[in-house]
Amino acid sequence: MEVKRLCAALLLAGSLAGCATPGNPADPLEKVNRAVFAFNDVADKAVMTPVAKGYRAVIPGFMRTGIANFFSNLEDVWVSVNDVLQGKFQQGMEDATRVLFNSTFGIAGLFDFASDNGLPKHSEDFGQTLGVWGITSGPYLVIPLFGPSTFRDGLGFLVDARADLVYRGVSDDVPLRNSLYATRAITNRANLLDASSILEQAALDRYAFVRDAWLQRRRNLIYDGNPPREKDDSDDEPSK
């Protein structure tokens with residue numbers, strides 16, 4: 001998974017945003033969202049951060065990279081499907097080729113052979129697909145334990161979860177499935193430890209910083225890095 005690049009983009013977007021705005025009109029549920037954000041923060045500091053630090057201390061870096069690459073390769077299957085659903089047929093072929101190369105030459109995805117050979121990682125999910133189809137984002141929403149989203153992206157997340165190859169591949173083997181889920185979550189959190197430290201130092205209002213940066217990044221992803229001028233803070237669907 002492209003966790004390091006995702007977090008870097010999040011922090012950069014927040015920096016470009018300047019001072020975060022507590023009264024963002026895209027966040028009419030701010031009071032509830034802040035409460036969920038606080039709950040997530042407590043849960044993260046109590047459970048995920050200590051586990052992630054222990055994981056990084058015990059597991060060598062090359063093994064952590066291989067584990068992250070393995071899960072990233074599985075995700076690329078769904079990424080390529082979303083490419084096609086968004087009409088990005090060439091990118092869909094490239095991402096499908098990534099899966100083929102990394103699954104074979106990369107030894108079941110443990111090595112990112114494709115990126116080293118001119119096939120970069122892309123980030124596409126069903127929430128982005130809905131945005132490309134013209135579905136409005138709806139209000140900003142913080143999901144318990146999962147974090148920033150919107151009504152549209154929350155729906156997309158449900159579809160993404162059902163399409164997840166970890167779920168699809170071992171849905172009948174609950175212990176194995178849960179072990180894979182936990183390993184992926186810990187790997188992702190371990191990759192974000194350094195960025196979390198930066199975030200703690202960079203933002204006076206962490207909630208508003210994360211919200212504004214996340215909304216900007218999602219808009220940027222939907223428009224492939226070239227969004228049109230915003231009419232308002234919640235208008236992130238493509239022009240028809």
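Start by selecting helix α6, residues 151–163, and colour its buried residues: Arg-152, Asp-153, Gly-154, Gly-156, Asp-160 and Ala-163. What you have open is a predicted model, so take the tour as a walk through a prediction.

Keep α6 highlighted and bring up its surroundings. What do the buried residues of α6 pack against? Show α3, α5 (126–132), β1 (140–143), β2 (147–150), α7 (165–170) and α10 (206–222), and you have the answer. Now try the distance tool on the two end C-alpha atoms of α6: they sit 19 Å apart. That agrees with the 18 Å expected for 13 residues, because each residue should add 1.5 Å.

**Zoom out**

Time for the whole chain. Colour by secondary structure and look for ten helices and two strands. Going along the sequence, the order is α-α-α-α-α-β-β-α-α-α-α-α. The protein has 240 residues, and 42% of them are buried. If you draw contacts between residues at least 6 apart in sequence, 69% of those contacts join residues at least 24 apart.

**The hairpin**

Next, select β1 and β2. How do these two strands pair? They run antiparallel, with four bridges between them. One pairing to pick out is Ile-143 with its bridge partner Gly-147 in β2. Three residues lie between the strands of this hairpin, and Leu-145 there has a positive phi near 75°.

Stay in that loop and click on Phe-146, which also lies between β1 and β2. Is Phe-146 buried or exposed? It counts as exposed, because its relative accessibility is 57%, over the 50% cut-off. Even so, Phe-146 has company: setting aside residues up to four places away in sequence, it touches Asn-40 and Phe-157. Add Phe-37 to the view as well. Phe-146 and Phe-37 are 109 residues apart in sequence, yet their C-alpha atoms are 9.7 Å apart in space.

**Two helices crossing**

Now hide everything except α3 (residues 61–85) and α8 (residues 174–191). Two packed helices are described by the angle between their axes and the distance between the axes. Here the axes come within 10 Å and cross at roughly 115°, and the crossing of α3 past α8 is left-handed.

Turn on side chains to see who meets whom. From α3, pick Arg-64, Ile-67, Ala-68, Phe-71 and Glu-75; from α8, their counterparts are Leu-180, Thr-183, Arg-184, Thr-187 and Asn-191. By type, the residues of this contact split into four nonpolar, three polar and three charged.

While α8 is on screen, click on Arg-189, another residue of that helix. With a relative accessibility of 12%, Arg-189 counts as buried, since the cut-off is under 20%. Which residues is Arg-189 in contact with, apart from neighbours within four places in sequence? Select Asp-44, Met-48, Thr-49, Ala-52 and Ser-196 to see them.

**Two backbone stops to finish**

Last, look at a pair of backbone angles. Find Ile-107 in the loop between α4 (89–104) and α5. Its phi is near 55°, which is positive in a residue other than glycine. Then move to Asp-224, in the segment after α10. Asp-224 is not a glycine either, and its phi is positive too, at about 55°.

Methods. Residues are numbered from 1 along each chain as its sequence is written. This is a predicted model: local features need pLDDT of at least 70, side-chain atom pairs count only at pLDDT 80 or more; totals for chains, interfaces and linings use all residues. Side-chain values use heavy atoms; hydrogens and water are left out. Axes are lines fitted to C-alpha atoms, for helices over the stretch in contact, and angles run from 0 to 180 degrees between N-to-C directions. A crossing is left-handed if the near helix is turned anticlockwise from the far one by less than a right angle, and right-handed if clockwise. Contact means heavy atoms within 4.5 Å. Ala, Val, Leu, Ile, Met, Phe, Trp, Tyr, Cys and Pro count as nonpolar, Asp, Glu, Lys and Arg as charged, and the others, Gly among them, as polar. The expected span of a helix is 1.5 Å times one less than its number of residues. Buried means under 20% relative accessible area, exposed over 50%, partly exposed in between (1.4 Å probe, protein chains only). Two strands pair if DSSP finds at least two bridges between them.
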